Amino acid sequence: MRKRWAMMLILLGSLLLCACSTKAKFASEGIDSSITPQQALTESATLENVQLLWGGVIISSINLTDATQFEILAYPLTSQQRPDINRSPIGRFLAVQQGYLEISDYAPGRLLTVSGTLQEMRSGRIGESKYIYPVLNITQLHLWRKPVQRSEAQFHFGLGVMF
């Protein structure tokens, strides 16, 4: 009987640990994560209907007539598919989500990972410079949580007494 309870506790503990682990947000089947936005500019003809996975920092968000468009500064993705802002950026791209999204949730500076197909190349501007953006038609997106910023030192001292 004791062994059964011990096994149940071990199983329960294992399940809890698995539930806490961070998993990738997108299925990787059929997605080419090796193509960067910069490569898409030169290889756009061969990338029709190829499912891509990109992510980065939102530069701007705008609601269009029937879609929401994001300008994103792309970064390499971690194994959890989160943009790794500690590495160098790998270009910019536009991502278009059909329908309305609340752009206050998708504010500049937030991290976003998207999967979708390459739609077209579109001319734009970054300041005074001309820029050509690859445009990704979003099939799935994930907005990452805002990091918790603490302004005070988090030091606690306690004394426990048990009777």
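The following paragraphs describe the fold, the nonpolar cores, an aromatic pair and one backbone feature of a predicted model.

The secondary structure of the protein comprises 2 helices and 6 strands, and these elements are arranged from the N terminus in the order α-β-α-β-β-β-β-β. Of the 163 residues in the protein, 33% are buried. When contacts between residues at least 6 apart in sequence are considered, 61% of them join residues at least 24 apart. The surface exposed by the protein amounts to about 11500 Å², of which 55% is supplied by carbon and sulfur atoms.

In soluble globular proteins, nonpolar side chains tend to be buried together. In the present model, the largest nonpolar core consists of 18 residues, and within this core the most contacts are made by Trp54, Phe70, Phe93, Ala95, Leu112 and Val114. At least two residues of this core come from each of strand 2 (51-63), strand 3, strand 4, strand 5 and strand 6 (129-143). The surroundings of Ala95 were examined with its neighbours within four places in sequence left aside; on that basis, Ala95 is in contact with Thr68, Gln69, Phe70, Ile72, Val114, Leu136 and Ile138. Separate from the largest core is a second one of 6 residues, among them Val96, Tyr131, Tyr133 and Val135.

Aromatic pairs number 3 in the structure. One of them is formed by Phe70 and Tyr106, whose rings lie 5.2 Å apart from centre to centre with 45 degrees between the planes, an arrangement that counts as tilted. Because Phe70 belongs to strand 3 (residues 67-74) whereas Tyr106 is located in the loop between strand 4 (92-98) and strand 5 (111-126), the pair ties together parts that are 36 residues apart in sequence. Both partners fall below the limit of 20% relative accessible area under which a residue is taken as buried: for Phe70 the relative accessible area is 0%, and for Tyr106 the corresponding value is 13%. Phe70 thus appears in this pair as well as among the residues with the most contacts inside the largest nonpolar core, and it is also listed among the contacts of Ala95.

A further local feature concerns the backbone at Gln81, a residue that has a positive phi of about 70 degrees although it is not a glycine. Gln81 is situated in the loop between strand 3 and strand 4, and, with a relative accessible area of 8%, this loop residue is buried.

Technical notes
Residues are numbered from 1 along each chain as its sequence is written. This is a predicted model: local features need pLDDT of at least 70, side-chain atom pairs count only at pLDDT 80 or more; totals for chains, interfaces and linings use all residues. Side-chain values use heavy atoms; hydrogens and water are left out. Rings of Phe, Tyr and Trp (its six-membered ring) pair if their centres lie within 6.5 Å; planes under 30 degrees apart count as stacked, over 60 as edge-to-face and the rest as tilted. Helices (H or I, at least four residues) and strands (E, at least two) are DSSP runs, numbered from the N terminus. Buried means under 20% relative accessible area, exposed over 50%, partly exposed in between (1.4 Å probe, protein chains only). A nonpolar core is a set of buried Ala, Val, Leu, Ile, Met, Phe, Trp, Tyr and Cys residues joined through side-chain atoms within 4.5 Å. Contact means heavy atoms within 4.5 Å. Accessible areas come from the Shrake-Rupley method with a 1.4 Å probe; for residues, only the protein chains shown count as cover.
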